[in-house]
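Colleague: Thanks for making time today. Could you walk me through this model one question at a time?

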Amino acid sequence: MEFPSALISSPEELLSSLAGILNISLNIVVLGGVFTAVFLYALFSNKKAMTASLFSLIFTGFLFLMFPYWGLLETQAGSFETGQDIYMRAGVLAGIFFAIRFAIRQSVRGNYGYERSRKFAEMLGLSFAASGLLLMYGYQFIALSEFYQLSPQITDFLIAPQALFWWLVGSLAIVYFFSD
């Protein structure tokens, strides 16, 4: 039996068919997918790795905003196809993240609590903060809205002028709250 090619012709059609099958909004599928991926990372790594990743995300935003070579990269990107600047921005963001993550991985300490409820709360809190930062960076810095536009109610939490400040402050508060 051959799988119908219409179902896999584009990621958007696959997501919308999945959302139709589950009878839920496509926004919930996207947000749930990002949160689930980060939560699984938190589940299978330790608290030290998750906290280091969250700190790296926080500092990545600062360095991305202060990156001094955009003019040079944009002139080089002029020879590429339209839309390549999204991949260039994503690459710069990922490069900064991994450089910071590599630099601070040994400086962060912590283990999840021994109580199941505390461990679960720590994983949920750290995952929520990391997912929010990833989505906020994606929609503010990389312009992921060209690939998929979330509903206005959700994007208000991600691209509002004060969103960058509050997601960063909230993430730092979560790290402090769950610190050992």
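Modeller: Happy to! Let's start with one residue in a loop and then move on to the rest.

Colleague: Ala143 caught my eye, so where does Ala143 lie?

Modeller: Keep in mind that this is a predicted model. Ala143 comes right after α6. On the other side of the loop is α7, so the place asked for is the loop between α6 (116–142) and α7.

Colleague: And what is the phi of Ala143?

Modeller: Most residues other than glycine have a negative phi. Ala143 is a residue other than glycine, yet its phi is positive, near 65°.

Colleague: Is Ala143 buried, partly exposed or exposed?

Modeller: Buried means under 20% relative accessible area and exposed means over 50%. Ala143 has 26% relative accessibility, so the class is partly exposed.

Colleague: Let's zoom out. What is the pattern of the chain, read along the sequence?

Modeller: The secondary structure comes to eight helices and zero strands. Read along the sequence, the pattern is therefore α-α-α-α-α-α-α-α.

Colleague: How much of the chain counts as buried?

Modeller: The chain has 180 residues. Its accessible surface comes to about 11,200 Å², with 68% of that belonging to carbon and sulfur atoms. The share of residues that count as buried is 38%.

Colleague: Which helix gives the most to the largest nonpolar core?

Modeller: That core has 45 residues, and those with the most contacts inside it are Leu54, Leu133, Tyr137 and Leu158. At least two residues each come from α2 (26–44), α3 (47–65), α5 (84–104), α6, α7 and α8. The helix that gives the most to this core, with eleven residues, is α6.

Colleague: Which residues does Tyr137 touch, not counting those up to four places away in sequence?

Modeller: Tyr137 is among the residues with the most contacts inside the core. Its partners are Leu57, Ile58, Gly61, Leu93, Ile142, Leu164 and Leu168.

Colleague: Does the span of α6 agree or disagree with what its 27 residues should give, and what is the end-to-end value?

Modeller: At 1.5 Å a residue, the 27 residues of α6 should span 39 Å. The span agrees, with the end C-alpha atoms of α6 apart by 37 Å.

Colleague: What about α5, how far does it reach from its first C-alpha to its last?

Modeller: α5 has 21 residues, and the expected value at 1.5 Å a residue is 30 Å. Among its buried residues are Ile86, Met88, Val92 and Arg101. From first C-alpha to last, α5 comes close to expectation, reaching 30 Å.

Colleague: Which residue forms a salt bridge with Lys47?

Modeller: Side chains of opposite charge can pair when their charged atoms come close. A search of the whole structure finds one salt bridge. Its closest N and O atoms are 3.3 Å apart, and the partner of Lys47 is Glu122.

Colleague: How many residues apart in sequence are the parts that this pair ties together?

Modeller: Lys47 is buried, and so is Glu122. Lys47 lies in helix α3 and Glu122 in helix α6, so the pair ties together parts whose separation in sequence is 75 residues.

Colleague: Ser127 is also in helix α6; is Ser127 buried or exposed?

Modeller: Leaving aside neighbours within four places in sequence, Ser127 is in contact with Phe35, Val38, Phe39, Ala42 and Met50. Its C-alpha is 8.7 Å from that of Leu54, although the two are 73 residues apart in sequence. With 0% relative accessibility, Ser127 counts as buried.

Colleague: How far apart are the C-alpha atoms of Phe141 and Leu65?

Modeller: Phe141 is found in helix α6, and with a relative accessible area of 7% it is buried. Its contacts beyond four places in sequence include Phe64, Leu65 and Arg89. Phe141 and Leu65 are 76 residues apart along the chain, and their C-alpha separation is 8.4 Å.

Colleague: Last one: what accessible area do Leu40, Leu43 and Phe44 have together?

Modeller: Leu40 is found in helix α2 and is partly exposed, with a relative accessible area of 39%. With Leu43 and Phe44, Leu40 forms a nonpolar patch on the surface, and their area together is about 320 Å².

Note on methods:
Residues are numbered from 1 along each chain as its sequence is written. This is a predicted model: local features need pLDDT of at least 70, side-chain atom pairs count only at pLDDT 80 or more; totals for chains, interfaces and linings use all residues. Side-chain values use heavy atoms; hydrogens and water are left out. Helices (H or I, at least four residues) and strands (E, at least two) are DSSP runs, numbered from the N terminus. Buried means under 20% relative accessible area, exposed over 50%, partly exposed in between (1.4 Å probe, protein chains only). A nonpolar core is a set of buried Ala, Val, Leu, Ile, Met, Phe, Trp, Tyr and Cys residues joined through side-chain atoms within 4.5 Å. Contact means heavy atoms within 4.5 Å. A salt bridge is a side-chain nitrogen of Lys or Arg within 4 Å of a carboxyl oxygen of Asp or Glu. The expected span of a helix is 1.5 Å times one less than its number of residues. Patches are made of residues with over 30% relative accessible area and no salt bridge: like charges are joined within 9 Å, nonpolar side chains (Val, Leu, Ile, Met, Phe, Trp, Tyr) within 5 Å. Accessible areas come from the Shrake-Rupley method with a 1.4 Å probe; for residues, only the protein chains shown count as cover.
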